[in-house]
Amino acid sequence: VCAKPGQAHRYIVMFSLIAALVLSWVFYNTDILNASAFVHLKYISTAERDQQTKNLMEMLAEDKFYDDFEEIPVCDLEMDFIEFQQKHVRNSLPCIFAGATAKWPAFTKWTDEYLKKTVGEETVTIERTTQDKVFVHFKKDWARVPMKFSEFLDNYDNPDREYNYYFAEQKILEQLRDDVIEPIQAMNWDLKHLNYWQSKGGTESLAHTDGFENFLCQVDGFKDLKIAPPTQRLYIKTKDEVPNYTLMDFYDVEKTAEEYPDFRKAKIFTLRLNAGDCFYMPANWWHHVRSSTQRNLAINFWYTTFSRVEDFFWSYFEGH
């Protein structure tokens, strides 16, 4: 079977990466099972490391695979595990499973009244901010506070509330676990985290990457996403102290490009994840997320990345 030009290029890139890993172990005594050791090669200068990083990012940016797609494809709900692996996981290609979450018991059961009755007495950790609804851990006005789930439900929709509240990236409560259905396309994957997200709406995340295969499933409200492949890192200025984040605004490319002109070259996809849908986002994709202004509730499944080599590869960039 002949590979497409974009696929052939990525095979070359991945082969180069494997060769770099092997050589780094042989010549630099780097522990190949330790990503941080690969990041900080012991015997080359900072300037040489920076040049190696730039060279790798330039190679990736030349990958034309994603040029074939104007929008994120929609996958058949019954797509089997093997087809999904071949078409999407191996190619780091996202897709939307329209209607997948609508089949969950949670889709009809999880009203605030039901949640208060079922898990209202549970103590949970809630994020809060004072200035706006951008929730990120390095903001000065951001904090995590414990409270009962019922207290969160009473406060998050109160127009006179002192803070903005978000129950975000927290393990799903055990009483609710049976109300969600794991994607059949992820069968036999290593589930690392099953997270619960709920807010009044209007929340926003800064653009960032996560080192997990991700199924984001919308139960109520919708989420707008601007996403970019990891190959576009050359055009994205990362935050120095938090290298998997950027302050670049994916929703206003032109304004951002006034300071960083190369950002115009980045391949950015736009999608809306509606209530009832699931979205597969491969590991290390950039995503800038805004939630609808009404009640917003989602679940996401984080799995160990499919490719061990990709783990090393993106760990390398996280260190630069």
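**Exercise 1. Charged pairs**

A search of the whole structure, which is a predicted model, finds 17 salt bridges. Describe the pair formed by Lys87 and Glu83, and say where the two residues stand relative to one another in helix H4.

*Solution.* Begin with the general idea that side chains of opposite charge can pair when their charged atoms come close. Next, take the distance: the closest N and O atoms of Lys87 and Glu83 are 2.8 Å apart, and this falls within the 4 Å that a salt bridge requires. Then place the pair in helix H4 (residues 81–89), where Lys87 and Glu83 are four residues apart and therefore separated by about one helical turn. Finally, consider accessibility: Lys87 counts as partly exposed at 45% relative accessibility, and Glu83 also counts as partly exposed, at 27%.

**Exercise 2. A pair that joins separate parts**

Glu204 forms a salt bridge with Arg290; work out which parts of the structure this pair ties together, and decide whether Glu204 is buried or exposed.

*Solution.* The closest N and O atoms of Glu204 and Arg290 are 3.4 Å apart. Glu204 lies in the loop between strand S5 (191–199) and strand S6 (213–220), whereas Arg290 lies in strand S12, so the pair ties together parts that are 86 residues apart in sequence. To settle the accessibility, recall that buried means under 20% relative accessible area; with a value of 19%, Glu204 is buried. Arg290, at 29% relative accessibility, counts as partly exposed.

A second pair can be treated in the manner of the one above. The side chains of Arg264 and Glu254 meet in a salt bridge with an N to O distance of 3.1 Å. Arg264 lies in the loop between helix H8 (253–257) and S10, while Glu254 lies in helix H8, so this pair ties together parts that are ten residues apart in sequence. Arg264 counts as partly exposed at 46% relative accessibility, and Glu254 is partly exposed with a relative accessible area of 47%.

To complete the account of charged groups, note that Asp112, Asp220 and Arg295 are linked in a network of salt bridges.

**Exercise 3. Strand S7 and its partners**

Explain why strand S7 is described as largely enclosed by the rest of the structure, and find the residues that stand opposite Asp224 in S10 and in S12.

*Solution.* The first step is to look at burial: five of the six residues of strand S7 (residues 223–228) are buried, so the strand is largely enclosed by the rest of the structure. The second step is to identify the neighbours of S7. Five bridges join S7 to strand S10 (residues 269–273), and these two strands run antiparallel. Six bridges join S7 to strand S12 (residues 286–291), again in an antiparallel arrangement. The third step is to follow Asp224, whose bridge partner in S10 is Arg272 and which stands opposite Arg290 in S12. Arg290 has already appeared in Exercise 2, as the salt-bridge partner of Glu204.

**Exercise 4. Enclosed and open space**

State how many cavities of 30 Å³ or more the structure holds, describe the largest cavity by its lining, and then identify which element gives the most to the lining of the largest pocket.

*Solution.* Rolling a probe the size of a water molecule over the atoms shows where empty space is left. The structure holds three cavities of 30 Å³ or more, and about 50 Å³ of space lies in the largest of them. Among the residues that line this cavity are Lys133, Phe135, Tyr156 and Arg161. Sorted by class, its lining has three nonpolar, four polar and three charged residues.

Turn now to the largest pocket, which holds about 560 Å³ of space. Of the 29 residues that line this pocket, the closest to its centre are Glu169, Trp197, Ser205, His208 and Tyr245. The elements that give two or more residues to the lining are strand S4 (164–171), S6, S7, strand S9 (242–246), S12 and strand S13 (296–303). S12 gives the most, with four residues. By class, the lining of the largest pocket has 13 nonpolar, nine polar and seven charged residues.

**Exercise 5. Two loop residues**

Locate Thr231 and Pro94, and decide whether each is buried or exposed.

*Solution.* Thr231 lies in the loop between S7 and strand S8 (238–239). At 6% relative accessibility Thr231 counts as buried, and a polar contact of 3.1 Å joins its side chain to that of Gln232. Pro94 is found in the loop between H4 and strand S1 (95–97), and Pro94 is buried, with a relative accessible area of 0%. Pro94 and Pro73 are 21 residues apart in sequence, yet their C-alpha atoms are 7.3 Å apart in space.

Key. Residues are numbered from 1 along each chain as its sequence is written. This is a predicted model: local features need pLDDT of at least 70, side-chain atom pairs count only at pLDDT 80 or more; totals for chains, interfaces and linings use all residues. Side-chain values use heavy atoms; hydrogens and water are left out. Buried means under 20% relative accessible area, exposed over 50%, partly exposed in between (1.4 Å probe, protein chains only). Two strands pair if DSSP finds at least two bridges between them. On a 1 Å grid over the protein atoms alone, a cavity is a set of points where a 1.4 Å probe fits but cannot get out, and a pocket is an open set with protein on both sides within 12 Å along at least five of seven lines; lining residues have an atom within 4 Å of a point. Grid points are joined across faces, edges and corners, and a volume is the space filled by probe spheres set on the points. Ala, Val, Leu, Ile, Met, Phe, Trp, Tyr, Cys and Pro count as nonpolar, Asp, Glu, Lys and Arg as charged, and the others, Gly among them, as polar. A polar contact is a pair of N or O atoms within 3.5 Å; within protein, one must be able to donate a hydrogen and the other to accept it, and residues adjacent in sequence count only if both atoms are side-chain atoms.
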